[in-house]
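Good morning, everyone. Please take a moment with the structure on the screen, and then we will walk through it together.

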Amino acid sequence: MRALKFKTVLAVTAALGGLGVSAPAMAQSARTGGEQASQVADVIVTARRREESLQAAPLAISALTSTELESARVERLADLAKVAPGLTFTPLFGAQNQLPIIRGAAQTFGQLNVGVFLDGVYLSGKAGADLEMADLERIEVVRGPQSALYGQNTFAGAINYITRRSSNVLSGDLEATVGNNGLLKFTGGLSGPITDTLGFRLGAYSRQFDGFYASAADGGRIDHSETYGAMLTLDYAPTDRFSAVVRVTGSNEDSGQPASVVVRNNVYPATPSGAYAGTPPTGNPAIIRNLIYVGELGPVDPDAIYVNTRRTSNEV
């Protein structure tokens, strides 16, 4: 899917005096090797509920900063799985049944075994796992059992979404993305101080997509989505030893059914588990079906996707 992106950044900062730099060229070249190693950005993570260096944390963590998320175009959980080692993502039956998998430990039924957290708050249910990744400072993917830190539902690992905080100067950002298949996305934010001890950040996003496929049954769009939301963060720090953060978030998502095609098994005829086995010798015959599919799956015919897209009268 081709997309054209426009970005505008508004920033108001206090000007500082000019800085004079003078150093011998020979000294700079002599320190090049050591400085290159020390100039690597030190990412601070909070996976263990404390601030510490990513390199010093005794956990298998992949941390992506806001700059890395933007450059890799990470917008949903499927995008994150492409850049985070050990994380895979399987969209089973639409937006309400997401399944992140860490290190191959899949949990198809019941609660997830990968805990998903937003600023340390647990997001229950599979629908909350796939967030619209807007206004994030970084994402931390912790691999391996984390029950001692996070409790239940973290046997395979945890995903931490850390949102942006308020800034010391008034600043804002606005981004628009336009693509084919009706893709139209806007994200923006405004941040700054209210008083010397209170700061704010206001963010909003909107995403509309018409989908790739249309149903052969009724002609409706299948994998479409329309999402919008907003968030407000207040940072209060009256002293160096006390601080409080209040964050309010609201969102709405309207997603269509995923495009799916039924492929029938072609070998190993037998009675499926739980099916009628017949009543020999004169009763009704047993139900016999092929139980295994052997061969290479061919391409999906867009005209063979039969999904009912019409809304019912009691649908919210």
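**A walk through the model**

Let's begin with the overall count. The protein chain comes to 5 helices and 17 strands. This is a predicted model. The chain has 316 residues, and 31% of them count as buried. Now the contacts. Take those between residues at least 6 apart in sequence: 57% of them join residues at least 24 apart.

How confident is the predictor? The mean pLDDT of the protein chain is 77. Also, 77% of the residues reach 70 or more. Now look at residues 1–38. There, pLDDT stays under 50. The model still has 37 contacts beyond four places in sequence for that stretch. Be careful here. Where pLDDT is low, the predicted coordinates should not be read in detail.

Next, one sheet. In what order do the strands of this open sheet come? The order is β4-β9-β10-β7-β8, so to speak from one side to the other. That is 5 strands, with mixed pairing. The edge strands are β4, residues 60–65, and β8, residues 121–122. Each of these pairs on one side only.

Stay with β7, residues 114–118. How many of its 5 residues are buried? The count is 4, and β7 is mostly covered. On one hand, β7 is joined to β10, residues 157–163, by 5 bridges. Those two strands run parallel. Find Val-114: its bridge partner in β10 is Gly-157. Then find Gly-115, which stands opposite Ala-158 in β10.

On the other hand, β7 is joined to β8 by 2 bridges. This pair runs antiparallel. Here Leu-118 has Val-121 in β8 as its bridge partner. The two strands form a hairpin, with 2 residues between them. One residue in the turn is Asp-119, and its phi is positive, at about 55°.

Now to charges. A search of the whole structure finds 10 salt bridges. I will show you three of them.

Start with Arg-73 and Glu-175. Their side chains meet in a salt bridge at 3.0 Å, N to O. Why does this pair tie together parts 102 residues apart in sequence? Because Arg-73 lies in the loop between α3 (66–71) and α4 (77–83), while Glu-175 lies in strand β11, residues 171–179. Arg-73 is partly exposed, with a relative accessible area of 29%. Glu-175 is buried, with a relative accessible area of 15%.

Move on to Asp-135 and Arg-201. Their side chains form a salt bridge at 2.7 Å, N to O. Asp-135 sits in the loop between β8 and β9 (136–143), and Arg-201 sits in strand β13, so the pair ties together parts 66 residues apart in sequence. Are these two buried or exposed? Asp-135 counts as buried, at 12% relative accessibility. Arg-201 is buried too, with a relative accessible area of 5%.

Arg-201 has another salt bridge to show. Its side chain meets that of Asp-173 at 3.3 Å, N to O. This pair links distant parts of the chain: Arg-201 is in strand β13, Asp-173 is in strand β11, and they are 28 residues apart. Asp-173 is partly exposed, with a relative accessible area of 24%.

There is also a network. Salt bridges that share partners join Arg-73, Glu-75, Glu-175 and Lys-185 into one.

My last stop is Arg-207. Where is it? Arg-207 is in strand β13, residues 198–209. Arg-207 is buried, yet has no salt bridge. Which side chain of opposite charge is nearest to Arg-207? That is Glu-75, 4.2 Å away. A salt bridge has to be within 4 Å, so a pair beyond that does not count.

What does the side chain of Arg-207 make a polar contact with? With the side chain of Ser-225, at 3.1 Å. Leave out residues up to four places away in sequence, and Arg-207 touches Glu-75, Glu-132, Leu-183, Leu-184, Lys-185, Ser-225, Glu-226 and Thr-227. Notice two names in that list, Glu-75 and Lys-185. They also belong to the salt-bridge network with Arg-73 and Glu-175.

That is my tour. Thank you for listening.

How values were computed:
Residues numbered from 1 in each chain as written. Predicted model: local features only at pLDDT ≥ 70, side-chain atom pairs only at ≥ 80, totals over all residues. Heavy atoms only, no water. Buried < 20%, exposed > 50% of the residue type's maximum accessible area, 1.4 Å probe, protein only. Lys, Arg positive; Asp, Glu negative; His and termini not counted. Polar contact = N/O pair within 3.5 Å; in protein donor to acceptor, adjacent residues only side chain to side chain. Contact = heavy atoms within 4.5 Å. pLDDT = per-residue confidence, 0-100. Pairing = 2+ DSSP bridges.
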